[in-house]
Amino acid sequence: MLTGRSASTPSDEGARPDVAVVGAGPIGLAVAWRCAARGLRVVVHDPASGSGASAVAAGMLSPVAEAYFGERQLTGLLLASAARWPAFAAELTEATGAELGYRTEGTLMVGLTGDDLAEARRLWAYQQGLGLPVTPLRPTELRDREPALAPRVRGGALAPTDHQVDPRLLVPALRTAARRAGAVLVPQPVRHLGEVDARVTVVAAGCGAAVLTGLPVRPVKGQILRLRAPGGVAPGFRHVIRGYADGESVYLVPRSDGEVVLGATVEERSDTTVTAGAVLRLLRAGVDLLPELAEYDLVEAVAGLRPGTPDNAPILGPLPGRPDVLAATGHHRHGIVLTPVTADLIANLVTTGVPDPLLAPFGPERFGGAGSAGVDGPGRTTEEDRWS
Ligand SMILES: Cc1cc2nc3c(=O)[nH]c(=O)nc-3n(C[C@H](O)[C@H](O)[C@H](O)COP(=O)(O)OP(=O)(O)OC[C@H]3O[C@@H](n4cnc5c(N)ncnc54)[C@H](O)[C@@H]3O)c2cc1C
């Protein structure tokens, strides 16, 4: 059973860790930080911390703009996590001294053509129906807020409570915080869970979780670009901008240092090739919405693999029949926004053994027997080959 220890009574059971975390992306590191801060002895295994999806992620914290049809339970979890972000960011900065690029200007959602606007309005109506703060804006109001928007943009809406963070600042900060709290990072892969010796194992390996647990986590490719305003100045817009441009869905995330993240494709593939066609589509849609982007430097074109699940929601909780193995994976498009809530819920489960009601819809058991097989034996050869 997952019996807990209080923060004031750290383990004295020799060298055996209380918690082994597999994967040192944002999820694994935040879980490790929270567990170590509770006085648990924590070891984190990862040969390449921060090299997963977080290395390319845009860092939007957008529970409102990303509240999609058919995902009400996920939206609830996104909102719960976004509400924790301000305190989480402040605590992390206090623990490490690191800036995270946390910004709170909100998201402007826009439609370029009449058809684009009609599509966007259906989604805004759905979001407003959930009681979410979405304020439609007339074109003049839109351009008052962001004069750099193309004159062609037909209309938009503001989601003022959506924020952003820079994942390339977040992950090193979490690594530092986890280490300072006492977690030990071991730069080795875990090939199968049988080789991990700890009271509780948390599988936070992103796409790598599938081969370790049998859970239905699949890679979903995303190509994404980074541009930079010329002359080292800040971009000419302040909000995160999400839009439809001639049917193409695109987002633009401005950073204070001049970077603009322009993304992203969503492809059912597992390679990380960057294709000319995707770059063309992203740039065309981005420039259609914000013409000044054409003058920016194109500094990076890259692809990453989101850990997707059959219902787009994360998998959080004990594997069927294995209360000592907790999944914290499958965060798909939302792993950055879901970092605080995942870390808190998993750390509480580890220390108390009592699942928070928020976890109920997201357990591994919702996929039937998946996740119960093969956790002790050698992993499948494909993943072993990858790490060899
Ligand atoms: C293009 C793109 C844009 C995105 N934009 C956003 C966004 O704006 N907002 C948002 O919230 N999310 C976004 N995401 C999603 C987000 O990046 C992921 O959901 C998040 O990174 C998941 O975190 P993770 O720690 O579970 O996995 P990852 O970040 O993938 O990290 C997994 C870690 O596990 C390690 N690992 C794997 N297998 C093993 C093993 N066998 N042993 C040891 N270690 C192992 C890897 O080396 C890696 O360090 C985006 C993703 C992509 C691809």
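This section describes two sheets, the helices that pack against them, and selected residues in a predicted model.

The sheet that contains strand 1 is open and is formed by 6 strands, which follow one another in the order 8-2-1-9-16-15 with mixed pairing. Its edges are occupied by strand 8 (184-186) and strand 15 (315-319), each of which has a single partner strand, so that one side of each is left without a neighbour in the sheet. From one strand to the next, the twist averages 20°. Within this arrangement, strand 1 (residues 19-22) runs parallel to strand 9 (residues 200-203), and the two are joined by 4 bridges; in this pairing Val19 stands opposite Val200 of strand 9. Helix 8 (residues 339-352) packs on this sheet, where it touches strand 1, strand 9, strand 15 and strand 16 (322-329), and the direction of helix 8 makes about 175° with that of strand 16.

Strand 1 is also joined by 4 bridges to strand 2 (residues 42-45), and these two strands likewise run parallel, with Val22 standing opposite His45 of strand 2. In a regular strand, side chains alternate between the two faces of the sheet. In strand 1, Val19 and Val21 point one way whereas Ala20 and Val22 point the other way, and all of these residues are buried.

A further open sheet is formed by 8 strands, arranged in the order 5-6-4-11-12-13-10-14, and here too the pairing is mixed. Strand 5 (135-137) and strand 14 (297-308) are the edge strands, each of them pairing on one side only. The twist in this sheet averages 20° from one strand to the next. Strand 10 (residues 218-228) and strand 13 (residues 259-263) run antiparallel and are joined by 5 bridges, and within this pairing Gly263 of strand 13 is the bridge partner of Ile224. Helix 7 (residues 276-289) packs on the sheet and touches strand 4, strand 10, strand 11 (240-245), strand 12 (248-254), strand 13 and strand 14, while the direction of helix 7 makes about 50° with that of strand 10.

Thr107 belongs to strand 4 (residues 107-111) of this sheet and, with a relative accessibility of 0%, counts as buried. When neighbours within four places in sequence are left aside, the residues in contact with Thr107 are Ser62, Ala65, Ala157, Leu158, Ala159, Asp162, Val240 and Arg242.

Two loop residues that adjoin strands of this sheet in sequence were also examined. Phe237 is located in the loop between strand 10 and strand 11 and, at 2% relative accessibility, counts as buried. Apart from neighbours within four places in sequence, Phe237 is in contact with Glu146, Leu252, Pro254, Val260 and Leu290. The C-alpha atom of Phe237 lies 10.0 Å from that of Glu292, a residue 55 places away in sequence. Gly131, by contrast, occupies the loop between helix 3 (114-129) and strand 5 and counts as exposed, its relative accessibility being 62%. Between Gly131 and Ala36, which are 95 residues apart along the chain, the C-alpha separation is 37 Å.

Packing between helices was considered for helix 1 and helix 2. Two packed helices are described by the angle between their axes and the distance between the axes. For helix 1 (residues 26-37) and helix 2 (residues 72-96), the angle is about 70° and the axes are 13 Å apart; because angles of 65 to 115 degrees count as roughly perpendicular, these two helices are roughly perpendicular to each other. Helix 1 contributes Ala30, Trp33 and Arg34 to the contact, and helix 2 contributes Phe88, Glu91, Leu92 and Ala95. By residue class, the contact of helix 1 with helix 2 comprises 5 nonpolar residues, no polar residues and 2 charged residues.

With regard to cysteine, a search of the whole structure finds 0 disulfides. Cys35 has a relative accessible area of 0% and is therefore buried, whereas Cys207, at 24% relative accessibility, counts as partly exposed.

Terms used:
Residues numbered from 1 in each chain as written. Predicted model: local features only at pLDDT ≥ 70, side-chain atom pairs only at ≥ 80, totals over all residues. Heavy atoms only, no water. Axes fitted to C-alpha atoms, helices over the stretch in contact; angles between N-to-C directions. Parallel < 35°, antiparallel > 145°, perpendicular 65-115°, else oblique. Contact = heavy atoms within 4.5 Å. Nonpolar A, V, L, I, M, F, W, Y, C, P; charged D, E, K, R; others polar. Disulfide = S-S within 2.5 Å. Buried < 20%, exposed > 50% of the residue type's maximum accessible area, 1.4 Å probe, protein only. Pairing = 2+ DSSP bridges.
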